[in-house]
Amino acid sequence: MVSFLIALVALIAGYFIYGGFVERIFRTDPSRPTPATTMADGIDYVAMPTWKVYLIQFLNIAGVGPIFGAIMGVMYGPAAFLWIVFGTIFAGAVHDFISGMISLRLGGKSLPEIVGSELGKKIKLVMSVFTCVLLVMVIAVFVRTPANLLATLTPEHLDATFWAICIFLYYVLATLLPVDKLIGNLYPLFGFALLFMAVGIMGYMVVNGVAIPDGFSEGLFNRHPAGEAAPIFPMMCISIACGAISGFHATQSPMMARCLNNERHGRKVFYGAMVSEGIVALIWAAAAIAFTGGYDRLASYMADNGQDAGILVHRVCVKWLGAFGGVLAILGVIAAPVTTGDTAMRSLRLIVADALGISQRQFVKRLLVTLPIIVVSYLLLKVNFDVLWRYFAWCNQTLSIFTLWACSVYLAKCRKAYLITMIPAVFMTALCVTFICYAPLGAYAEGIGLPLPVAECIGVLATAVCTALFLYWKRGLSASSMVLD
């Protein structure tokens, strides 16, 4: 319990201390008009109260990621707690805040537009394709998951296909309506429920003195049942994505950048939502080993239940929080993925519209942009879920590489301390390249399947090349600045 409380305090302190430091580096300007006021259109650019924007951002980036990811990731041992804390404070929250604030400064531009403006048109094209593929996969994945669960809770004639159609139609509705109507009214409620569930679980553990066998005193060695086949680096760091850093978040931040009424709220919304997600991940990582009795028992429990983290979530909530907890659990594993999928579709509409320069004020034009997304997403629903998830796992984290390097270029151009994003960029480049090279073919995350030492060497080499290119560009930037001065 002591280790858990220290980690919790570290996350909260990280928001105030390091978050404040990052905010000062970026130099937010409360007097600067935001796109919500200068570009208001009543559809996507709509000023909303900060508490609503925060809860919507939290729900958009969280979903079930910090719950399921933390449960699967903590099987690697106490190193998971360190990754959640340090990854959130120094990587994930910085990634979300800087990318969100850049979007705010650029009129709410979507992620490919931001990356393109900093890394060039060719990278923008690659990023556009990459981002669109990722978001379409998110839409397909988060139709299947809640649809299958709803089918098990309803009469037989209401099968998974029926619920998939219902969810898909809801996605279309949430994509086309003004952001302050459906999303602005429902999401704060669901976001609060997700936070309340986590706080309730934490409260139960603290009040009842539940033992959390974190095993720090025994060392940080790998506890995963697969042993050497599943090394902490890179496998654990990819498993706990949304609880530490996730490239998907940068696709969602521009949507809320169009709704902020003042720059001074940027840290609360972007950095704060990520820290909140880290706290949720921390709570569920602790709850998983506390409920089952340790790392080995957690691994056995997951194996006995088909690696379905949803079953564990439901049983923890019901046993610790009673019937009300059961309702929260169902809400969490159904509403959370649904609200991630529909905002993915809305974000994709905005990305396509930005790329093609199509105004979204008129309903017909919004529908025109959305129709191809609907068709492609529907076709992906017919693809095997396991195949989709394999590619989604590494696509998500690879997206953060592009974002962090683009943020580093932006900060360097503005003569700001770019190391706050460059250091995470270096780490994530090494992590993701190593992961893609090492992950076994046909595993939960499709990779090349090379031996780990070879994969690590390729990861280091790729990182060295990216770093050298950045420093070479930075040297040229400094030289041109000296000439201008």
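## The second largest pocket

Helix α16 contributes the most to the lining of the second largest pocket, giving 5 residues. The description rests on a predicted model. The pocket holds about 340 Å³ of space.

Its lining is formed by E118, L119, I123, T398, I401, F402, W405, V409, C466, L469, F470 and W473. The elements that supply two or more of these residues are α6 (111-119), α16 (385-413) and α18 (452-484). As a general point, rolling a probe the size of a water molecule over the atoms reveals where empty space remains.

## Cysteines without disulfides

The structure contains 0 disulfides. A disulfide requires two cysteine sulfur atoms within 2.5 Å, and two cysteines illustrate how this condition fails.

For C414, the closest cysteine sulfur belongs to C407 and lies 11 Å away, so the two are too far apart for a bond. C414 is partly exposed, with a relative accessibility of 29%. For C432, the closest cysteine sulfur is that of C237, at 9.6 Å, which is also too far for a bond. C432 is buried, as its relative accessible area is 1%.

## A nonpolar patch on the surface

On the surface, L82, F86, F90 and L220 form a nonpolar patch. Together, these residues have about 340 Å² of accessible area.

One member of the patch, L82, is located in helix α5, which covers residues 79-105. Membership of a patch requires over 30% relative accessible area. L82 has a relative accessible area of 31% and is therefore described as partly exposed.

Definitions and conventions:
Residues are numbered from 1 along each chain as its sequence is written. This is a predicted model: local features need pLDDT of at least 70, side-chain atom pairs count only at pLDDT 80 or more; totals for chains, interfaces and linings use all residues. Side-chain values use heavy atoms; hydrogens and water are left out. Patches are made of residues with over 30% relative accessible area and no salt bridge: like charges are joined within 9 Å, nonpolar side chains (Val, Leu, Ile, Met, Phe, Trp, Tyr) within 5 Å. Accessible areas come from the Shrake-Rupley method with a 1.4 Å probe; for residues, only the protein chains shown count as cover. A salt bridge is a side-chain nitrogen of Lys or Arg within 4 Å of a carboxyl oxygen of Asp or Glu. Helices (H or I, at least four residues) and strands (E, at least two) are DSSP runs, numbered from the N terminus. Buried means under 20% relative accessible area, exposed over 50%, partly exposed in between (1.4 Å probe, protein chains only). On a 1 Å grid over the protein atoms alone, a cavity is a set of points where a 1.4 Å probe fits but cannot get out, and a pocket is an open set with protein on both sides within 12 Å along at least five of seven lines; lining residues have an atom within 4 Å of a point. Grid points are joined across faces, edges and corners, and a volume is the space filled by probe spheres set on the points.
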